[in-house]
Amino acid sequence: MLHAMKRIIFYLLVSSSMVSCKQIQQATDVITQPTPREVYARDFDKEDIAYQRWLNAYEIAQKDSLQAPLPFSLSGQLQTPNYRAFSYEVPIKQGERLYATVASEPDSLQFFLEAFQKNTNDPVARSEENGTILTYLAERTDTLQIVVQPELYANGNFQLQLYTQPSYAFPVSGAGNKNVQSFWGAARDGGRRSHQGIDIFAARGTPVVAAIEGRVSSTGERGLGGKQVWLRDGLFGASLYYAHLDSIAVRTGTRVKVGDTLGFVGNTGNARTTAPHLHFGIYQGYSGAVDPYPFVAQQEIPQGTIIEVPSTALIRRNNAELRTGPSTKFTQIAGVQQKDTVAVYGQAGNWYHIQLQDSLKGFMHRSLLELLP
């Protein structure tokens with residue numbers, strides 16, 4: 001009886017200690033805000049050779065300079081232990097929102113997604129713990145490096161997708177990219193000035209709508225813009241300029257939601273001799289006018305299903321071109337010799353992300369590879 005009591009007391013003390021440590025760790029995390037990668041690393045002995053190889057793969061990937069034209073989709077296979085990390089440079093324009101997503105089979109696999117400004121070590125965005133999506137709103141035109149690494153003991157198939165979407169809704173009801181027929185920077189008045197916006201052509205009377213939620217800061221008919229509406233994106237945000245309207249449907253001070261009608265397409269002001277269209281502009285504080293097209297341009301979201309991709313391949317001919325991206329438009333970085341064995345990271349259309357035996361990575365066209373079972 002006494003022995004059993006001692007066991008119960010010991011169990012209670014250990015359990016209490018474990019709960020206390022967990023509570024202390026949770027309280028500390030609120031202050032330090034560790035990354036999902038740092039939380040994951042707590043389960044490993046720092047001297048674990050497999051864990052060290054996993055960390056090394058991540059550090060090497062941060063130095064890669066492969067490029068992914070958007071939208072981009074890559075399917076691949078993971079085998080445990082996994083020592084692979086994927087890194088791609090992607091272009092992004094001010095006003096676009098970048099998405100990096102991973103789907104896997106099984107769907108319980110954990111991935112770490114991070115976005116860095118090129119040549120820096122500080123991430124500007126990352127996925128949440130146990131998350132499979134990263135988002136980043138571009139406040140300037142830039143090149144980002146996206147680094148994706150599966151957990152160490154990941155085993156299964158996955159699909160990585162990288163793409164952008166506009167941060168604003170399209171400002172003319174029922175219209176789209178094809179309706180934009182005059183772009184930012186086009187010459188005006190014989191070259192004396194440049195176009196500080198985009199022109200969206202549509203039938204007279206087509207509703208012009210709020211691209212954001214905000215407050216109407218000004219309306220009226222004046223100057224080159226004729227009948228116009230100014231919409232404010234928050235107290236210190238951008239001002240959206242809608243010009244050449246046939247008529248105005250809101251008053252100054254009105255709060256509007258995305259999609260609310262502000263007015264109707266026309267050709268007032270200095271557009272009297274042109275077909276009805278909306279001149280749409282964006283002005284940001286001290287920086288003035290910015291190109292509005294990336295803010296509203298509709299972009300493709302890649303579609304597809306997870307496919308099984310072999311993890312190794314043989315080179316079919318000598319001097320097979322290895323490139324920085326999945327197209328002949330990208331720079332050739334090496335010529336690989338016939339019958340060399342390479343590791344296959346994944347498939348992007350007709351191109352494969354591969355790694356040579358000397359650890360050099362790149363993309364190679366499927367016609368140059370013999371995939372091994």
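Which residues is Phe 72 in contact with, leaving aside its neighbours within four places in sequence? In this predicted model, the partners are Tyr 88, Leu 160, Gln 161, Leu 162, Pro 302, Pro 326, Ala 348 and Phe 363.

**Nonpolar cores**

Phe 72 belongs to the largest nonpolar core, which has 31 residues. Phe 72 is among the members that touch the most other members, with Tyr 88, Phe 111, Ile 146, Val 148, Phe 158 and Leu 162. Eight entries below list the elements that give two or more residues to this core.

| Element | Residues |
|---|---|
| β1 | 72-78 |
| β2 | 86-92 |
| β3 | 96-105 |
| β4 | 111-117 |
| β6 | 133-137 |
| β7 | 142-150 |
| β8 | 156-166 |
| β24 | 341-348 |

β2 supplies the largest share of this core, 4 residues. A second, separate core has 29 residues, including Phe 170, Ala 210, Val 229 and Val 290.

**The four-stranded sheet**

β2 also takes part in an open sheet of 4 strands. The order is β2-β7-β4-β5, and the pairing is antiparallel. β2 and β5 (123-126) each have a single partner strand, so they stand at the edges with one side lacking a neighbour in the sheet. On average, neighbouring strands are turned by 25° against each other, direction ignored.

How many bridges join β2 to β7? There are 7, and the two strands run antiparallel. Ser 87 has Val 147 in β7 as its bridge partner.

Helix α3 (residues 49-61) packs on this sheet. The helix touches β2, β4 and β7. The direction of α3 makes about 165° with that of β7.

Note on methods
Residues are numbered from 1 along each chain as its sequence is written. This is a predicted model: local features need pLDDT of at least 70, side-chain atom pairs count only at pLDDT 80 or more; totals for chains, interfaces and linings use all residues. Side-chain values use heavy atoms; hydrogens and water are left out. A nonpolar core is a set of buried Ala, Val, Leu, Ile, Met, Phe, Trp, Tyr and Cys residues joined through side-chain atoms within 4.5 Å. Buried means under 20% relative accessible area, exposed over 50%, partly exposed in between (1.4 Å probe, protein chains only). Contact means heavy atoms within 4.5 Å. Two strands pair if DSSP finds at least two bridges between them. Axes are lines fitted to C-alpha atoms, for helices over the stretch in contact, and angles run from 0 to 180 degrees between N-to-C directions.
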